Amino acid sequence: MASWNSIPLEITYEVLGWAAFISWSISFYPQVILNFRRKSVVGLNFDFVVLNLTKHSSYLIYNATLYFSSAVQKQYFEKYGLGQMIPVAANDVAFSIHAVLLTAITLYQIAIYERGNQKVSKISIGIVAAVWLGAAVCVFLALPSHSWLWLISIFNSIQVFMTIIKYIPQAVMNFLRKSTDGFSIGNILLDFSGGVANYAQMAVQSIDQGSWVNFYGNIGKTLLSLISIFFDLLFMGQHYVLYRGKRAVITPKIISQESSEPLVKSSDDPVLENEKEEGKNIYLEH
């Protein structure tokens with residue numbers, strides 16, 4: 001296993017890594033706090049949360065296995081060379097654990113708070129089911145030959161795929177509602193900071209080693225940063241430019257009726273129905 005050639009670069013690497021961890025970890029809290037204060041999850045797309053849980057779960061499997069398993073590390077060195085460094089740091093594992101827990105808490109909030117007539121689409125449920133079924137098949141394929149590096153690369157690919165699609169439902173929902181009301185921009189700003197710090201961390205390691213294997217040896221981490229940054233910029237554009245100061249108008253419903261509605265809907269449309277009742281339209285608290 002390779003060692004660092006420059007102590008200053010090593011320190012910079014650690015600082016950037018933990019900066020990314022802190023930014024990404026804190027990024028979950030603005031939405032959780034906003035949901036708690038409003039006692040409502042209206043405006044937060046449920047598909048985004050469901051897909052996000054699968055994304056972070058698969059990323060945790062990849063990070064923890066590559067970081068802790070000597071067998072997987074041996075296969076990694078055999079493929080990329082003994083002079084390379086493992087592309088997963090302690091902060092990556094810590095972040096993944098924290099992300100799974102906070103996403104699960106957000107799902108719990110969706111179950112207990114006012115949600116209007118928003119539901120989880122069957123498309124998202126089908127995607128999640130297909131992904132985990134495919135992962136289970138890959139586990140059985142890897143067992144005979146002990147192809148553990150190949151197996152965790154599958155989970156890494158899953159997290160990349162989920163990262164690509166998880167933002168789409170929320171972005172479309174914001175577009176159709178012409179509002180980001182109910183969706184915390186604090187989450188996006190912190191996520192953007194974490195993505196930049198994560199990408200910079202990988203660049204520092206590559207500069208020290210004089211090799212770019214760090215990028216294509218962990219393509220999932222590379223794409224994670226780039227995709228996150230792209231969608232963060234999109235959400236910032238929606239919040240600060242396109243729909244600045246706009247709040248979604250909804251019809252108040254009896255809370256007992258809302259909470260009794262199933263979370264899974266038969267339609268793919270994630271958008272709230274804006275049924276107008278004269279004199280009863282209200283604005284959600286931002």
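In this predicted model, Gly83 sits in the loop that joins α4 (70–80) to α5 (90–112). With a relative accessible area of 47%, Gly83 is partly exposed. The C-alpha atom of Gly83 lies 8.9 Å from that of Gln209, although the two residues are 126 positions apart in sequence. A second glycine, Gly210, is found in the loop between α8 and α9 (213–216). Gly210 has a relative accessibility of 66% and therefore counts as exposed, the cut-off being over 50%. Gly210 also has a distant partner in sequence: Asn5 is 205 residues away along the chain, yet the two C-alpha atoms are separated by 9.8 Å.

These pairs can be set beside the figures for the whole chain. The chain has eleven helices and four strands. It is made up of 286 residues, 51% of which count as buried. Among the contacts with a separation of 6 or more, 87% are between residues 24 or more positions apart.

Helices α6 and α7 offer a good place to see how two elements come together. Helix α6 covers residues 122–142 and helix α7 covers residues 148–177; their axes are 9 Å apart and make an angle of about 170°. Because angles over 145 degrees count as roughly antiparallel, that description applies to α6 and α7. On the α6 side, the residues in contact are Ile127, Val131, Trp132, Ala135, Cys138, Val139, Leu141 and Ala142. They meet Trp148, Trp150, Leu151, Ile154, Phe155, Ile158, Phe161, Met162 and Ile165 of α7. By class, this contact consists of 17 nonpolar residues, with no polar and no charged ones.

One of the α6 residues, Trp132, also has a neighbour in helix α3: Ser57 touches Trp132 as well as Val100, leaving out residues up to four places away in sequence. Ser57 is found in α3, and its relative accessible area of 18% makes it buried, the limit being under 20%. Helix α5 holds another buried residue, Thr106, for which the relative accessible area is 8%. Beyond its neighbours within four places in sequence, Thr106 is in contact with Val32, Asn35, Leu44 and Val49.

The next topic is empty space inside the model. Rolling a probe the size of a water molecule over the atoms shows where such space is left. Searching the whole structure gives four cavities of 30 Å³ or more. For the largest cavity, the volume is about 270 Å³. Its lining comprises 21 residues, and those nearest the centre are Phe28, Phe48, Asn52, His56 and Asn187. Two or more lining residues come from each of α3 (46–68), α5, α7, α8 (185–209) and α10 (219–242). Helix α3 supplies the largest share, with five residues. The lining as a whole is mixed in class, with nine nonpolar, eight polar and four charged residues.

Asn187, one of the residues nearest the centre of the largest cavity, belongs to helix α8. With a relative accessibility of 12%, Asn187 counts as buried. Setting aside neighbours within four places in sequence, Asn187 is in contact with Ser27 and Pro30. Ser23 is 164 residues from Asn187 in sequence, while the C-alpha atoms of the two are 9.2 Å apart.

Two lysines complete the account through their backbone angles. Lys39 has a phi near 50°, a positive value in a residue other than glycine. Its place is in the loop between α2 (29–38) and α3, where Lys39 counts as partly exposed at 40% relative accessibility. Lys178 is likewise not a glycine and has a positive phi, of about 55°. Lys178 is placed in the loop between α7 and α8. At 37% relative accessibility, Lys178 counts as partly exposed.

Note on methods. Residues are numbered from 1 along each chain as its sequence is written. This is a predicted model: local features need pLDDT of at least 70, side-chain atom pairs count only at pLDDT 80 or more; totals for chains, interfaces and linings use all residues. Side-chain values use heavy atoms; hydrogens and water are left out. Axes are lines fitted to C-alpha atoms, for helices over the stretch in contact, and angles run from 0 to 180 degrees between N-to-C directions. Angles under 35 degrees count as roughly parallel, over 145 as roughly antiparallel, 65 to 115 as roughly perpendicular and the rest as oblique. Contact means heavy atoms within 4.5 Å. Ala, Val, Leu, Ile, Met, Phe, Trp, Tyr, Cys and Pro count as nonpolar, Asp, Glu, Lys and Arg as charged, and the others, Gly among them, as polar. Buried means under 20% relative accessible area, exposed over 50%, partly exposed in between (1.4 Å probe, protein chains only). On a 1 Å grid over the protein atoms alone, a cavity is a set of points where a 1.4 Å probe fits but cannot get out, and a pocket is an open set with protein on both sides within 12 Å along at least five of seven lines; lining residues have an atom within 4 Å of a point. Grid points are joined across faces, edges and corners, and a volume is the space filled by probe spheres set on the points.
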